[in-house]
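Subject: The model, and what I found in it

Hi,

Here is the structure I promised to pass on. Have a look at it first, then read on for my notes.

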Amino acid sequence: MLKRNFIIFFTVATISGFFGNIVNAAGVAMKPGEYAWSTNGVFGSFDRKQLKRGWQVYTEVCAGCHSVRLIYYRNLAEIGFSSSEIKKIAASVEVPAGPNEDGETHKDDEPIMRPAKAFDKVISPYPNKIAARAANGGALPPDLSLMTKARINGPNYVHALLTGFKEAPSGLKLSDGMYYNPYYPGGQIAMAAPLSAEAVEYSDGTKATVEQMSKDVTAFLIWTAEPELEERKRLGIKVIFFLIIFTAMLYAVKRQIWSKLN
Amino acid sequence: MTKPVWKNPVVKWIDHRLPIFTFIDHSAIQHPTPRNLNYFWNFGSLLGFILVVMIASGIILSMNYTANASLAFDSVERIMRDVNYGWLIRYVHMNGASMFFIIVYLHIFRGLYYGSYKQPRELLWIIGILIFLTMMATAFLGYVLPWGQMSFWGATVITNLFSVIPFFGDTIVTWLWSGFSVDNPTLNKFFSLHYLLPFIIFGLVFIHLWALHTHGSNNPTGLDVKGDKDEIPFHPYYTVKDAFGLGFFLVIFLGFVFFAPNFFGEPDNYIEANPLVTPPHIVPEWYFLPYYAILRAVPDNFIDVWGWLPVIIPAKTAGVICMFASILLLAALPWLDTSKVRSANYRPTYFWLYWIFLINTIILGFVGAKPAEGAWLLIGRLATLYYFLHLLVLIPLVGRFEKTKPLPNSISSAVIPAGTTDEESVNA
Amino acid sequence: MATTSQDDKKDTVDDSKRDFLLYSTYAVGSVGALAAAWPFIDSMNPSKDVLALASTELDLSSVEEGQSITAMWRGKPVFIRKRTADEIKLAKSIKLSELKDPQADSDRVQKDQWLVLVGICTHLGCIPSGQKGGDVKGDFNGWFCPCHGSHYDTSGRIRKGPAPKNLDVPPYRFTNETNIIIG
């Protein structure tokens, strides 16, 4: 009887899978290609050299419009910067100093600033969302910290989007200030192609092609979205390994105890 | 059951005044349990375990969570990034909710297959449905707390359901929101209730167990226990079986936590709530999808289509009523099902109805994930119709006309045919 | 454990191999349960953002002799005074036997000129006065706690009043002449 139930169960599962495929097939935008990120798979880990390059692309290209507001300068230690490097990176920008001894936050209508420190958040290009919209023709450049988690198939999508800018097909009339990108839902995006060859100069000698920069900055964004990824997967392997052994032992004990019954 | 004799003087002293050890001995050690329970009887204790894990991880999360509309999203990200093992505890809580529902659905469908709701276990079943409803409320409230886009818009859509209540609808919705839209007061209130309800579930679980232990577990044959030969003590037989089941479950559960923690989630919930932008597809969490499909299946022109029915209620109201009825009707199942035989193993017609009903529910789930239009809407309507047809027409009828298979004389005679030693094959 | 007929039955099928498997499973399970408890316990230790603020770095180049500044360190006020020659002399001249909590000035400072103290009275946790020019500084020209009248000297040692101990010296180090990291 149980056997028959299992056969029916698997039939149900197959039908479910069929419906699942229909669900997936109905997308509006073009499906991004699959890229083998170093973070993929059970043993996935960060390529720290790549993350550093990605940080460079972010600061030199993306940071003009996009924030990564969940990242602190101190977090850069996790991608391989030393504490003195972090201090230097942070000190190169300024943040509002807050009220001084006399309670003033502004002097001559300018906010009083101090150099940023490791415990400060990475500075945002705009003071608030309204200013960001105003500077970008009404479009809001989204925060990038969680981008690869906040889109379906995030990493592949971001990479496809960054490298997917094209001439609009002849049938499509672009609205004012819009650009064509088949990976973006609806095909029209307010961001112009952000990357061009040699837009940054890598210190490690890697050639800065559009493809390379896109991969690097995407890898960097995987890290900003899931900084715990490496620790999670490493711990996970140990935990699952332990549980499989423990469960096998429990099964043996169970067999032993139940064998008394018959 | 023998009355235990306690040797340890401290245990003896306590037990004489508060017989807690005797209680544990009777309900978890000696408790006589049918000898033929298969692995579908593992889910009860598993659910108890998940409840404890959810409460423990939830308490830790609440120590770091801020229930304020402008801080909630970032406080969750702080848990993920800065709190020691915060990511682990949050992912356990998130995936634990999905596991809770997977196991509770298996538990419910186990009950449906083996007729566990029938006399004398009607109240046990109804208390179970109360637990399920409280779980749904808790899960919905909890999903709002991270204050992502799906949190916000899910809360908006679900609370708006109450606007269909005649005359008082809008007043009630305003009361639910404590304002004029889902906002900070709503979030605060939801956090408070999300913390409260699990303890109510805990209490209900005790009542559920009390009712269970009054008449004991049902079993795959559906027969009543007829003598000592039919039963074995809960410990060590079922404690070890439950422990093994738990280990197996943990591999799957933690597999998701460590390697696919966002599998059950919506990417949109990693975008902070924005009252000005609705996501293109608002989808509830997967465990609500069948009910969401039923909600949307009722035609807008309900009265035109079903004009001959003596109903004068607008479509939106009818959809909400159908959705709640789909769960509440289950509480009437002990009386809708007229068959004297419990287990589907001996009910050839019900056997097929059971599987069709299960597939139909899964189809409803897929429909719930799709926009309510075109073929999906049609499938959703047919599946909704069948759902109610099954409960209201087929189940009462089949009990009357079905020719059941001959039942074994007793549990033990069904389990121990001459010469069999492998209990696995016997359990089937 | 209760004595029951079931336990008796178990004894009859006793066998060391069986027990070994059972007890090793118990052992492995206990290890797993303990390991699982750790993330819950550790989550209540200071988090990364709290630790990031656990040390405070200050530039003291603008502090004049005889002046004090107050910095925040781990949620507590830290008094930093650039002592005058007189104050240093006063702090060093006192005999240890006269002190309630005997401690030499040289054990309390790294550089004679800079006195760094946690600005919390060791009696009941009030903030002593004496940081600003016009403040009451007590009988020993250091700090005075207004709550119950404890007097501290120019080395932050308790001299008079109910406080049992000298003002705490936080861990700190100078990275150069005027740059200090507290914590």
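Let's begin with a puzzle: how many salt bridges are there between domain 1 of chain B and domain 2 of chain B? The count is one salt bridge, and a salt bridge here is a side-chain nitrogen of Lys or Arg within 4 Å of a carboxyl oxygen of Asp or Glu. K118(B) and D337(B) form a salt bridge, with their closest N and O atoms 3.2 Å apart.

Before the rest, some housekeeping. This is a predicted model, where local features need pLDDT of at least 70 and side-chain atom pairs count only at pLDDT 80 or more, while totals for chains, interfaces and linings use all residues. Residues are numbered from 1 along each chain as its sequence is written, chains are lettered from A and ligands numbered from 1 in the order in which they are written, and side-chain values use heavy atoms, with hydrogens and water left out.

**How confident is the predictor?**

The model scores ipTM 0.90 and pTM 0.89. For chain C, the average pLDDT (the predictor's confidence in each residue, from 0 to 100) is 87, and 92% of the residues score at least 70. Among the elements of chain C, strand 4 (residues 114-118) has the highest mean pLDDT, 94, and helix 1 (residues 5-12) the lowest, 48. Helices (H or I, at least four residues) and strands (E, at least two) are DSSP runs, numbered from the N terminus. Over residues 1-10 of chain C the pLDDT is below 50, so take care there: pLDDT is the predictor's confidence in each residue.

**Inside chain B**

Back to the two domains from the puzzle. The domain assignment, which is automatic or comes from a database, gives chain B domain 1 (38-220 + 234-277) and domain 2 (283-403). Their centres, taken over C-alpha atoms, are 24 Å apart. Domain 1 of chain B puts 34 residues into the contact and domain 2 of chain B puts in 34 residues; contact means heavy atoms within 4.5 Å.

Now for area. The size of an interface is often given as the accessible area lost when the parts come together. In these notes, buried area is the accessible area (1.4 Å probe) that two parts lose on being put together, summed over both. Between domain 1 and domain 2 of chain B it is about 3200 Å², and carbon and sulfur atoms give 68% of that. Our K118(B) turns up again here: together with F109(B) and Y113(B), K118(B) supplies 22% of the area that domain 1 of chain B buries against domain 2 of chain B, more than any other three residues.

There are also 15 residue pairs in polar contact between these domains (both at pLDDT 80 or more). A polar contact is a pair of N or O atoms within 3.5 Å; within protein, one must be able to donate a hydrogen and the other to accept it, and residues adjacent in sequence count only if both atoms are side-chain atoms. On the domain 1 side, helix 6 of chain B gives the most, with 10 residues.

**Chain A with chain B**

Here 51 residues of chain A are in contact with 53 residues of chain B. They bury about 4900 Å² between them, 70% of it from carbon and sulfur atoms. The rule finds three salt bridges across this interface. R74(A) forms a salt bridge with D82(B), at 3.1 Å between the closest N and O atoms. Polar contacts link 10 residue pairs across the interface (both at pLDDT 80 or more). Helix 8 of chain A gives the most to the side of chain A that touches chain B, with 17 residues.

**Chain A with chain C**

In this interface, 13 residues of chain A are in contact with 15 residues of chain C. The buried area is about 1300 Å², 70% of it on carbon and sulfur atoms. M249(A), Q256(A) and K260(A) supply 35% of the area that chain A buries against chain C, more than any other three residues. One salt bridge crosses this interface; K87(A) and E57(C) meet in a salt bridge at 3.8 Å, N to O. The count of residue pairs in polar contact is zero (both at pLDDT 80 or more). Helix 8 of chain A again gives the largest share of the side of chain A that touches chain C, eight residues.

Happy browsing!
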